[in-house]
Every structure is written in C-alpha cells, then in structure tokens.
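Welcome! Have a look at the structure shown here, and then work through the exercises below at your own pace.

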Amino acid sequence: MKSLLMLALVSIFIFNSCTTNSSNPVNTATIPTAPTQLSPVDASTGIAVVPTLSWNSSTGATSYTLQVSANSSFSILVLNQGGITTTTRQVIGLNPLSIYYWKVNAANSAGTSAWSDTWSFTTTGPSPAVPLL
C-alpha cells in the first residue's frame, strides 16, 4: 500500500514538473497603468475642430483605446477607436464651438488598464468670412 501511495506521489510530482517547463512558459506581462493625457490640457478652449490628442505612454502597453464624446457620461461617442499603437491621434468630424470629453486606456496581453481621467476641451468657432471688396 505504501508503495502504491509513493508511486502516485512521484507521478504527480513528475507531471507537475513537466507542465511548468520552459516549453510551456508562463505569461509574465502585467497590465499597464492608465495613461495620463498631455494635450489639449483639461478644460482648454479655442481648440481646432481637427485637434491632435496626446497622452503619455504606459509601460508595457502594446495599444491604446481612445474615446471622445459629446457628453461627460460618454453615451454620445464621437470616436471609439482601439488598436492605436502611438500616443497621439488626430480627431476629425468635430463641430465648432462645442465641448468634447476624452479618455484613453492602455492594453497588452495581460489585460486592459483603467481609463484615464476624463478631460474636456472646447473647439473654436468658424473662421470669420473674408469681406468682399
């Protein structure tokens, strides 16, 4: 009986050793931290209707998701783009004299960070008409 028990324990030990060897590596990546926005600064006014939004890189991040919304609850999304591999994105299709809200998160093979803080900006008005002479 003792021999059978010993054989079972040795078999379990060998099985566990084989499943954790270098041919079956463990994912050592950690979830990146939430990015921090850089530009435009929170509550900025007079921002072009085609702004370039930028944020800091998050250690270990392989992509980012950017959301831009016409309201602070993000229920009216103007942009919802994932798979961004840079830390800037130009946004098109915004209206003049409008407030927009934006946030960004980072992702890698381990998972997705929390969202950054929500920042806002107000776009500039249309260019004045050139008077006819």
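**Exercise 1.** Find out which residue of E6 stands opposite serine 54, and then work out the order of the strands in this open sheet.

*Solution.* Please keep in mind that this is a predicted model.
- Step 1: Start at serine 54, whose partner across the strands is threonine 88 in E6.
- Step 2: Widen the view to the strands, where E3 (residues 52-55) and E6 are joined by three bridges and run antiparallel.
- Step 3: Add the remaining strand: the open sheet has three strands, in the order E1-E3-E6, with antiparallel pairing. Strand E1 (37-39) and strand E6 (88-90) are its edge strands, each pairing on one side only.
- Step 4: Look at the twist: on average, neighbouring strands of this sheet are turned by 25 degrees against each other, direction ignored.

**Exercise 2.** Trace the strands that pair with E7, and decide whether E7 is largely enclosed or not.

*Solution.*
- Step 1: Begin with strand E4 (residues 63-69), which is joined to E7 by seven bridges in an antiparallel arrangement. Here leucine 66 faces valine 104 of E7.
- Step 2: Move on to strand E9 (residues 119-123), which pairs with E7 over four bridges, again in the antiparallel sense. One place to see this is tryptophan 102, which stands opposite tryptophan 119 in E9.
- Step 3: Turn to strand E8 (residues 111-112), which has two bridges to E7 and runs antiparallel to it. Alanine 107 and threonine 112 in E8 stand opposite each other. With two residues between them, E7 and E8 form a hairpin.
- Step 4: Recall what holds such partners together: strands of a sheet pair through backbone hydrogen bonds.
- Step 5: Now decide. Of the ten residues of strand E7 (residues 99-108), eight are buried, so the strand is largely enclosed by the rest of the structure.

**Exercise 3.** Locate serine 113 and serine 116, and say whether each is buried or exposed.

*Solution.*
- Step 1: Serine 113 sits in the loop between E8 and E9, and serine 116 is also placed in the loop between E8 and E9.
- Step 2: Apply the cut-off: buried means under 20% relative accessible area. Serine 113 has 8% relative accessibility, so it counts as buried. Serine 116, at 7%, therefore counts as buried too.
- Step 3: List the contacts, leaving out residues up to four places away in sequence. Serine 113 touches Ile31, Pro32, Thr33, Ala34, Pro35, Asn105 and Ala106. For serine 116, the contacts are Ala34, Pro35, Gln37, Lys103 and Val104.
- Step 4: Look closer at one of these contacts: the side chains of serine 116 and glutamine 37 make a polar contact (3.3 Å).

**Exercise 4.** Classify proline 96 by its relative accessibility, and find which residues it contacts beyond four places in sequence.

*Solution.*
- Step 1: Look for proline 96 in the loop between E6 and E7.
- Step 2: The partly exposed class lies between under 20% and over 50%. Proline 96 has 39% relative accessibility, so it counts as partly exposed.
- Step 3: Aside from neighbours within four places in sequence, proline 96 is in contact with Val49, Thr123, Thr124, Gly125 and Pro126.
- Step 4: Compare sequence with space: proline 96 and threonine 122 are 26 residues apart along the chain, and their C-alpha atoms are 8.2 Å apart.

Conventions
Residues numbered from 1 in each chain as written. Predicted model: local features only at pLDDT ≥ 70, side-chain atom pairs only at ≥ 80, totals over all residues. Heavy atoms only, no water. Buried < 20%, exposed > 50% of the residue type's maximum accessible area, 1.4 Å probe, protein only. Pairing = 2+ DSSP bridges. Axes fitted to C-alpha atoms, helices over the stretch in contact; angles between N-to-C directions. Contact = heavy atoms within 4.5 Å. Polar contact = N/O pair within 3.5 Å; in protein donor to acceptor, adjacent residues only side chain to side chain.
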